[in-house]
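Me: I've got a model open on my screen and I'd like to talk it through. Can you take my questions one at a time?

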Amino acid sequence: MSVLVTGGAGYIGSHTVAELVAHGEEVVVVDNLSTGHSGAIYALGVPFYHMDIRETERLREIFSRHAVDTVVHFAANSLVGESVQDPLKYYENNVAATGRLLEAMVESGVQNIVFSSTAAVYGEPARVPIAETDATSPTNPYGDTKLTIERMLDWSYQAYGLKSIRLRYFNAAGAHPTLPIGEDHRPETHLIPVVLQVALGQREHVAIFGDDYDTEDGTCVRDYIHVMDLASAHRLAIERMRSGEGTAESFNLGNGTGFSVRQVVEVSRKVTGHSIQAVNAARRAGDPARLVASSSLARSTLGWTPQFADLETIVASAWNWHQAHPQGFGE
Ligand SMILES: NC(=O)c1ccc[n+]([C@@H]2O[C@H](COP(=O)([O-])OP(=O)(O)OC[C@H]3O[C@@H](n4cnc5c(N)ncnc54)[C@H](O)[C@@H]3O)[C@@H](O)[C@H]2O)c1
Ligand SMILES: O=c1ccn([C@@H]2O[C@H](COP(=O)(O)OP(=O)(O)O[C@H]3O[C@H](CO)[C@H](O)[C@H](O)[C@H]3O)[C@@H](O)[C@H]2O)c(=O)[nH]1
């Protein structure tokens, strides 16, 4: 029995593969390396298929060869700003490609999927912390594609008995404590790595996208969650589905504390000891002002407890990776 991880060469996928392997799972990775890194796969030492999830015939062969019972599905495009500029790329690679993957699963009798959803499904929330039962109304195409996939999964459970656990991550950050894997998006657009690249002297400054939001200091507030805490939630979700529980369920994953962009810069100055220049810039299209999770459902249902909850620990973990690997996975 093994777990097939799509997007396992990417940031959160590679950390989840490491977590699953450390807990004795047989894992196989499928990734087209569009944004992932072969260096991450080498570090993990698991069977790897360099292919697209839309190649359904190959997928069916792999399901059968590795006796796959569960898919953990990270493969996607996931940049809020890019999705506003080029929405059709997102409907194709997220919605349509996931449709192909689900077809292959149904045809092969693979019944469990853990899906990477996002806080972006909520849009501008009516209240924080956000509960899973709160309204979903994405403010950008990226969030809309993830919500559409959640709905595909609802209907697929009803029609084919395909079980799904959808993990709605808030903002992932940090790196593996021992293995040489960490965050390396190209181009990097995420706040914490961008700020740390300023500390490394690779960028002159960080642009603060908007300082006129309705928040304490006017900058956007997010709930940062360590990537290894996300990884452990996937392991627990797999256990839940294998135990016969889990039907078509969604869980928020965050720490329940919001930090503004300015606070992230401030904490990063403290952790790195560098001055980190920040300049005000225009708002980025599609950004909600404030996203903070209530994760009490994940805690009570999955038995999930984040281990690296405070922002200083999360930034320090990311800083270790960036200092040791200033060029990320290299070329
Ligand atoms: N990074 C975050 O803060 C965050 C927050 C919420 C949700 N998510 C979701 O988590 C998942 C992983 O995010 P990440 O930051 O690790 O991204 P990432 O870009 O590092 O990883 C995505 C991986 O999927 C692969 N991929 C993309 N399309 C593919 C396809 N059609 N076929 C095969 N492989 C394909 C890429 O090569 C890459 O390795 C995504 O689904 C994203 O939407 C991320
Ligand atoms: O150079 C930068 C980069 C980001 N920001 C701001 O920092 C905050 C965090 O931005 P990120 O790009 O790091 O993360 P997002 O909140 O846009 O999105 C991330 O988390 C979301 C869930 O909350 C999605 O799932 C998405 O995949 C993932 O990239 C936002 O307010 C953004 O405007 C800046 O001010 N300057």
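Reply: Sure. Keep in mind that this is a predicted model. To start with charges, the chain comes to 23 salt bridges.

Me: Let's look at one of those. Which residue forms a salt bridge with Glu216, and where do the two partners sit?

Reply: Glu216 is in the loop between β8 (206-209) and β9 (221-222). Its partner is in the loop between β13 (278-281) and α10 (296-302), so the pair links distant parts of the chain, 74 residues apart. The closest N and O atoms are 3.5 Å apart, inside the 4 Å cut-off for a salt bridge. The partner is Arg290.

Me: Now the overall build. How many helices and strands does the chain have, and how does its radius of gyration stand against the globule rule?

Reply: The secondary structure comes to 11 helices and 13 strands. For 331 residues the globule rule gives 20 Å, and the chain comes close to that, so it is as compact as a globular protein of that length. Along its principal axes the C-alpha trace spans about 55 × 40 × 35 Å. The radius of gyration itself is 19 Å.

Me: How is the chain divided into domains, and how far apart are the C-alpha centres of the domains?

Reply: The domain assignment gives domain 1 as 2-173 + 224-253. Domain 2 is 191-222 + 256-324. Between the C-alpha centres of domain 1 and domain 2 the distance is 23 Å.

Me: What area is buried between domain 1 and domain 2?

Reply: Start with the contacts: 32 residues of domain 1 touch 31 residues of domain 2. Carbon and sulfur atoms give 68% of the buried area. The total buried between the two domains is about 2600 Å².

Me: On the domain 1 side, which residues lose the most area to domain 2?

Reply: Three residues stand out here, together giving 28% of what the domain 1 side buries. They are Tyr224, His226 and Asp229.

Me: How many salt bridges and polar contacts are there between the domains, and which element gives the largest share of the domain 1 side?

Reply: Salt bridges between domain 1 and domain 2 number zero, while 12 residue pairs are in polar contact. Elements giving two or more residues to the domain 1 side include α4 (80-85), β10 (224-226) and β11 (248-253). By class, that side has 19 nonpolar, nine polar and four charged residues. The largest share, seven residues, comes from α8.

Me: Which peptide bonds are cis?

Reply: One of them leads into Pro129, in the loop between β5 (112-118) and α6 (141-160). Another leads into Pro187, in the loop between β7 and α7 (191-199). Each has omega near -5°. The bonds are Val128 to Pro129 and Arg186 to Pro187.

Me: One backbone oddity to finish. What is the phi of Leu33?

Reply: Leu33 is in the loop between β2 (26-31) and α2 (38-44). Its phi is positive although Leu33 is not a glycine. The value is about 55°.

Methods
Residues are numbered from 1 along each chain as its sequence is written. Chains are lettered from A and ligands numbered from 1 in the order in which they are written. This is a predicted model: local features need pLDDT of at least 70, side-chain atom pairs count only at pLDDT 80 or more; totals for chains, interfaces and linings use all residues. Side-chain values use heavy atoms; hydrogens and water are left out. Domain bounds come from an automatic or database domain assignment. Contact means heavy atoms within 4.5 Å. Buried area is the accessible area (1.4 Å probe) that two parts lose on being put together, summed over both. A salt bridge is a side-chain nitrogen of Lys or Arg within 4 Å of a carboxyl oxygen of Asp or Glu. A polar contact is a pair of N or O atoms within 3.5 Å; within protein, one must be able to donate a hydrogen and the other to accept it, and residues adjacent in sequence count only if both atoms are side-chain atoms. Helices (H or I, at least four residues) and strands (E, at least two) are DSSP runs, numbered from the N terminus. Ala, Val, Leu, Ile, Met, Phe, Trp, Tyr, Cys and Pro count as nonpolar, Asp, Glu, Lys and Arg as charged, and the others, Gly among them, as polar. The radius of gyration is taken over C-alpha atoms; the globule rule is 2.2 Å times the number of residues to the power 0.38.
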